[in-house]
Amino acid sequence: MADRLDSLRHELLEAVDHAPDLKTLDEVRVQALGKKGRVTEVMKTLGSLPAEERKPFGQRVNAVKAAVEEAIAARREVLEAAELEAKLEAERLDVTLPPRPHPIGRLHPVTQVTEEITAIFADMGFAVAEGPDVDDDFHNFTALNFPPEHPAREMHDTFFIEGHPELVLRTHTSTVQIRTMMAGPPPYRIIAPGRTFRCDSDATHSPMFHQVEGLVIDRSTHMGHLKGCLQDFCEAFFERDDVPLRFRPSFFPFTEPSAEVDIGCRRSKDELIIGEGSDWMEILGCGMVHPAVLENVGVDPDAWQGFAFGLGIDRMAMLKYGIPDLRTFFEADLRWLKHYGFAALDFPTTFAGLAR
Ligand code: DAH
């Protein structure tokens, strides 16, 4: 009997020590100490022993039980520590990893310049508004005071949508003037950057390009405010305080009077310097919002007035960063982007510098 107990103890301790993981250890525990476990079964034979043998035998069985329990507890600790170690190793995350010395991603100059322009106008109290790339004839033309069949519609080389005669790819961001004014009551002070489309493609025209629209409507805004606003903008954008601007009378159906604005520059062989010399370069169209446009969107032109402007983002990027060819903007050449692109996390602000 004693031998049998010794070998049981030996066998169980062996099983505990060799349990490779917590699950197996638990199975060993149940087989040894559970309701039908080996030690429990031996304990049950106690009653069939002669009275004088019961006590010493019971003590020996209890000692085996205690030894097995103790071994299980010790083994569990070892296995738990190992399991935690393995988990930590598998889920290792080195938070001290430094950024890559040469970040690969670069912001496209159009993105950069859009953010720069937005930062400048935000400082002047403009909110950013948006509209869809695919818009309808009403927002793109009719509400902006283009008469039906008027040649001004053809000026725009419009892309139409097959099967939807009323839809167009917007030819300018002026659509957002209409959307903004129809969405709520005046006053308005917004810019709307976005994509625009015209069926035109050569060295200086891309069928998809970018504009920023501006709109200010309140009770007393006049042409002087428009000039001041654009002058301040250009000086902030080109980061110099002597940018010469020239306002030339022009025509747009949605403004009266209308003007085109040129910036003074010097063109040499393959260089263009802003703010010097005697050449002029057109950068935007603008004017006082036509009373008919205000009427079209339900704003009383006798009570409200203001100005609007539309600026080519791509051209501003070319001027500021000396990028000679518009077509390269949209060729998706990574070498080009590496050369002309901007670091992704340097958000332009007027106080910390627009481009760094
Ligand atoms: N939408 C015009 C264009 O794309 C640009 C423009 C001119 C916008 C005058 C305006 C404006 O808001 O007042 O040719």
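Q: Which residue stands opposite Ile161 in β5?
A: In this predicted model, the residue of β5 that stands opposite Ile161 is His164.

Q: How many bridges hold β4 and β5 in register, and in which sense do they pair, parallel or antiparallel?
A: β4 and β5, the latter spanning residues 164-169, pair in the antiparallel sense over two bridges.

Q: And what sheet do those strands belong to, in what order?
A: They belong to an open sheet of three strands, arranged in the order β3-β5-β4 with antiparallel pairing. The edges are formed by β3 (134-136) and β4 (160-161), each of which pairs on one side only.

Q: What about β8 and β9, how many bridges there?
A: β8 and β9 pair over seven bridges, again in the antiparallel sense, and a hairpin through two residues joins the one strand to the other. Within this pairing, Phe247 has Val261 in β9 as its bridge partner.

Q: Switching to rings: how many aromatic pairs turn up in the whole structure?
A: The search of the whole structure gives 13 aromatic pairs. One of them is Phe121 with Phe233, a stacked pair with 4.8 Å centre to centre and 15 degrees between the planes.

Q: Where do Phe121 and Phe233 lie?
A: Phe121 is in helix α5 (residues 109-123) and Phe233 is in helix α9 (residues 223-238), so their pairing ties together parts of the chain that are 112 residues apart in sequence.

Q: Are those two buried or exposed?
A: Phe121 is buried, and Phe233 is buried as well.

Q: Why is the pair of Phe146 and Phe254 tilted?
A: The ring centres of Phe146 and Phe254 are 5.9 Å apart and the planes meet at 35 degrees; stacked would need planes under 30 degrees apart and edge-to-face over 60, so this pair counts as tilted.

Q: Which parts of the chain does that pair link?
A: It links distant parts, 108 residues apart: Phe146 is in the loop between α6 (137-140) and α7 (151-155), while Phe254 is in the loop between β8 (245-252) and β9 (255-267). Both Phe146 and Phe254 are buried.

Q: Which residues do ring pairs link into a cluster?
A: The cluster consists of Phe121, Phe126, Phe233, Phe237, Phe238, Phe307 and Phe309, linked through ring pairs.

Q: What lies over the face of Phe237?
A: Lys320 lies over that face, at 4.5 Å from the ring centre of Phe237.

Q: And which ring does the charged end of Arg219 sit over?
A: The charged end of Arg219 sits over the ring of Trp304, at 4.0 Å from the centre of that ring.

Definitions and conventions. Residues are numbered from 1 along each chain as its sequence is written. This is a predicted model: local features need pLDDT of at least 70, side-chain atom pairs count only at pLDDT 80 or more; totals for chains, interfaces and linings use all residues. Side-chain values use heavy atoms; hydrogens and water are left out. Rings of Phe, Tyr and Trp (its six-membered ring) pair if their centres lie within 6.5 Å; planes under 30 degrees apart count as stacked, over 60 as edge-to-face and the rest as tilted. Helices (H or I, at least four residues) and strands (E, at least two) are DSSP runs, numbered from the N terminus. Buried means under 20% relative accessible area, exposed over 50%, partly exposed in between (1.4 Å probe, protein chains only). A charge sits over a ring if NZ of Lys or CZ of Arg is within 6 Å of the ring centre and within 35 degrees of the ring normal. Two strands pair if DSSP finds at least two bridges between them.
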